Number of protein chains: 2
Amino acid sequence: MSLQQQPAKEQRRTRQRAAVDEVLEETEDFISAQDLHAALRSRGMSVGLATVYRTLQTLADNGQVDVLHTSSGEAAYRRCARDEHHHHLVCRSCKATVEVAGPAVERWTRSVAKEHGYVDVAHTLEIFGLCPRCAAQA
Amino acid sequence: MSLQQQPAKEQRRTRQRAAVDEVLEETEDFISAQDLHAALRSRGMSVGLATVYRTLQTLADNGQVDVLHTSSGEAAYRRCARDEHHHHLVCRSCKATVEVAGPAVERWTRSVAKEHGYVDVAHTLEIFGLCPRCAAQA
DNA sequence: ATGAAGAGTGACAACCATTGTCAAAATGAT
DNA sequence: ATCATTTTGACAATGGTTGTCACTCTTCAT
Ligand SMILES: [Zn+2]
Ligand SMILES: [Zn+2]
Ligand SMILES: [Zn+2]
Ligand SMILES: [Zn+2]
């Protein structure tokens with residue numbers, strides 16, 4: 001999501017990071033740090049909460065996971081399929097996520113910024129709704 | 001007999017709400033609940049912090065102010081000029097804000113959602129950058 | 001104007017996601 | 001193995017936001 005990312009600083013391979021990676025790999029939807037921590041515990045792969053936060057922070061800084069800020073302000077993380085810049089269509093109810101790219105939108109944001117003389121521009125864009133399955137119920 | 005309630009639930013006119021309204025009216029940029037509370041105190045118009053939060057919450061629910069979630073997760077509020085749906089180009093440094101509308105973007109989000117069968121759709125879109133003035137310095 | 005009904009207030013506690021601390025443990029290079 | 005450096009984790013601390021609840025203020029019918 002972010003346009004810029006730090007040159008990945010050296011990191012050591014630890015049991016904890018492998019565990020976080022594993023859960024991220026197997027998790028299709030966005031997941032919060034707290035929930036990831038709980039998921040680890042329930043799998044017997046106990047990792048300190050602070051470590052989970054730090055690991056996710058680093059992954060996000062390196063652009064290896066996408067970050068989504070929920071309406072409640074909680075941050076959620078997801079290992080996305082595509083590596084290039086993109087956005088998300090997220091189910092408000094079950095969190096089912098679709099990755100979407102919109103070149104036109106990218107052009108539009110750049111042109112708007114330029115038009116007003118803003119530089120060093122970035123943007124956030126998320127689409128929320130009810131996925132077909134959740135819409136079918138109710 | 002009593003009248004039925006309108007979409008906007010009935011509200012009483014109180015000194016506190018008038019005070020919050022006044023500050024919002026005179027504030028050009030997005031402002032957080034905490035900062036608004038401080039601004040009120042410094043003007044001698046003391047209002048309880050909880051009341052400031054509740055008032056802003058209600059204004060936001062009624063669409064009378066726009067809400068922006070900063071990167072730090074803090075919520076900021078702003079009384080915008082236009083009443084119709086729009087987005088914001090915000091200076092990362094001084095918070096200078098430009099209201100922008102993008103019909104094409106609106107169409108795009110709707111089409112993307114429809115394409116994947118998502119309904120009851122909404123979206124968030126904010127553009128961040130450095131305004132001309134802030135860019136001039138540094 | 002008066003009083004009842006209940007919406008609104010505020011000082012304070014509680015909540016909770018996130019970050020800071022720092023001694024102990026783990027890692028990678030020598 | 002040894003050492004310098006990084007990482008960890010239990011716990012404390014932070015900070016924005018919400019919950020509590022007795023008291024106050026608006027509103028409205030009388
Ligand atoms: Zn769903
Ligand atoms: Zn984009
Ligand atoms: Zn600026
Ligand atoms: Zn829009």
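In the predicted model, chain B superposes on chain A with an RMSD of 0.1 Å after a turn of 179 degrees and a shift of 0.0 Å along the axis. The two chains are therefore related as by a two-fold axis. The contact between them uses the same surface in both copies, as 100% of the contact residues of chain B recur in chain A. Within chain B, the residue that comes closest to the rotation axis is B:Leu125, whose C-alpha lies at 2.2 Å.

DNA strand D is surrounded by 20 residues, of which A:Arg12, A:Thr14, A:Arg54, B:Arg12 and B:Tyr53 are the closest. By residue class, the surface near DNA strand D consists of eight charged, seven polar and five nonpolar residues. Three helices each supply at least two residues of this surface: helix 1 (15–26) and helix 3 (49–61) of chain A, and helix 3 (49–61) of chain B. The most is given by helix 3 of chain B, with four residues.

Sugar or phosphate accounts for 69% of the atoms of DNA strand D within 4 Å of the protein, and bases for the rest. Polar side-chain atoms of chain A approach both parts of the strand. On the phosphate side, a polar side-chain atom of A:Arg17 is 3.0 Å from a phosphate oxygen of DNA strand D, and an N or O atom in the side chain of A:Arg15 is 3.3 Å from a phosphate oxygen of the strand. On the base side, a polar side-chain atom of A:Arg54 lies 2.7 Å from a base nitrogen of DNA strand D; A:Arg54 is also among the closest residues to the strand.

Terms used. Residues are numbered from 1 along each chain as its sequence is written. Chains are lettered from A and ligands numbered from 1 in the order in which they are written. This is a predicted model: local features need pLDDT of at least 70, side-chain atom pairs count only at pLDDT 80 or more; totals for chains, interfaces and linings use all residues. Side-chain values use heavy atoms; hydrogens and water are left out. A residue is near a molecule or strand if one of its heavy atoms lies within 4 Å of it. A polar contact is a pair of N or O atoms within 3.5 Å; within protein, one must be able to donate a hydrogen and the other to accept it, and residues adjacent in sequence count only if both atoms are side-chain atoms. Ala, Val, Leu, Ile, Met, Phe, Trp, Tyr, Cys and Pro count as nonpolar, Asp, Glu, Lys and Arg as charged, and the others, Gly among them, as polar. Copies are superposed by least squares on the C-alpha atoms of residues with pLDDT of at least 70 in both. Contact means heavy atoms within 4.5 Å.
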